[in-house]
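Hello,

Here is the structure we talked about handing over. Have a look at it first, and then read on for what turned up in it.

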Amino acid sequence: MSDTNTTGDGLTETKTASHEGEPNRRAFLHLTTGAFAAIGAANVAWPLIDQMNPDASMRALASIEIDLDAVEVGQSLTVTWRGKPVFIRRRTQEEIRDAENVSLDALPDPEADKTRAENPEWLVMVGVCTHLGCVPLGQAGEFNGWFCPCHGSHYDTSGRIRKGPAPKNLEIPPYQFVSDSRIKIG
């Protein structure tokens, strides 16, 4: 729509009315200014957010690989992962049999041995007592597994709590065998 007016000097002036919803220069400027402001805010905020990520030394601790060639049947190896001890036990056939023959009804925290050990010969678990965070002794206690002398928790050959104040089994960390003689924890 346009309005035509004739001015006093004989010239014709035309005005164009804007329709509602029709983009105009002012709306375009508002939109582009807002977009640039959002990009600027993101450029300021990103370094602040990114600095909260763990540094390279902490990311390196997220996983470790261990060579198991030197561990004989019946021996254990303790490594540190994320600042915690991890027990790696190459179990004997008798230890495996003892762990598999336990009735789940007799356990305070029922968990089958086959779910705790990916390969029955190798048991990998975080060596921190689930009662108060002590480090249990290996091949000790009433069940020939692990014993926490601080408060008397007894774990079996699968690291399951059998007696004492500990409420849960020893934790199994995420791990996988990368070869027959190498394991990756984390």
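A good place to start is Asp156, which sits in the loop between β9 (153–155) and β10 (161–163). Please keep in mind that this is a predicted model. Asp156 counts as buried because its relative accessibility is 2%, under the 20% limit for that label. Beyond its neighbours within four places in sequence, Asp156 is in contact with Val102, Leu107, Phe143, Gly145, Trp146 and Arg162. Asp156 also belongs to a network of salt bridges together with Arg160 and Arg162.

The strands on either side of that loop belong to an open sheet of 4 strands, ordered β7-β8-β9-β10 with antiparallel pairing. At the edges are β7 (137–140) and β10, each of which pairs on one side only. On average, neighbouring strands of this sheet are turned by 40 degrees against each other, direction ignored. Between β7 and β8 (residues 145–148), which run antiparallel, there are 3 bridges. Gly145, one of the contacts of Asp156, is the bridge partner in β8 of Ala140.

Trp146, another of those contacts, leads to the aromatic residues. The structure holds 2 aromatic pairs. In one of them, Phe87 and Trp146 are stacked, at 6.2 Å centre to centre and with 5 degrees between the planes. This pair links distant parts of the chain, with Phe87 in strand β5 (residues 84–90) and Trp146 in strand β8, 59 residues apart. Both Phe87 and Trp146 are buried. Tyr175 and Phe177 also form an aromatic pair, edge-to-face, at 6.2 Å centre to centre and with 80 degrees between the planes. Tyr175 is buried, at 13% relative accessibility, whereas Phe177 is partly exposed, at 22%.

Now to the charged side chains. The count comes to 8 salt bridges. One of them joins Arg90 to Glu121, with the closest N and O atoms 2.6 Å apart. Arg90 lies in strand β5 and Glu121 in the loop between α4 (113–116) and β6 (122–126), so this pair ties together parts that are 31 residues apart in sequence. Glu121 is partly exposed, with a relative accessible area of 23%.

Asp113 and Arg91 meet in a salt bridge as well (2.8 Å, N to O). That pair, too, links distant parts of the chain: Asp113 is in helix α4 and Arg91 in the loop between β5 and α3 (93–100), 22 residues apart. Asp113 and Arg91 are both buried. Finally, Glu111 forms a salt bridge with Arg116, the closest N and O atoms being 3.0 Å apart. Here Glu111 is partly exposed, at 26%, while Arg116 is buried, at 2%.

Best wishes

Technical notes: Residues numbered from 1 in each chain as written. Predicted model: local features only at pLDDT ≥ 70, side-chain atom pairs only at ≥ 80, totals over all residues. Heavy atoms only, no water. Helix = DSSP H or I, 4+ residues; strand = E, 2+ residues; numbered from the N terminus. Buried < 20%, exposed > 50% of the residue type's maximum accessible area, 1.4 Å probe, protein only. Contact = heavy atoms within 4.5 Å. Pairing = 2+ DSSP bridges. Axes fitted to C-alpha atoms, helices over the stretch in contact; angles between N-to-C directions. Phe/Tyr/Trp six-rings, centres within 6.5 Å; stacked < 30°, edge-to-face > 60°. Salt bridge = Lys/Arg side-chain N within 4 Å of Asp/Glu carboxyl O.
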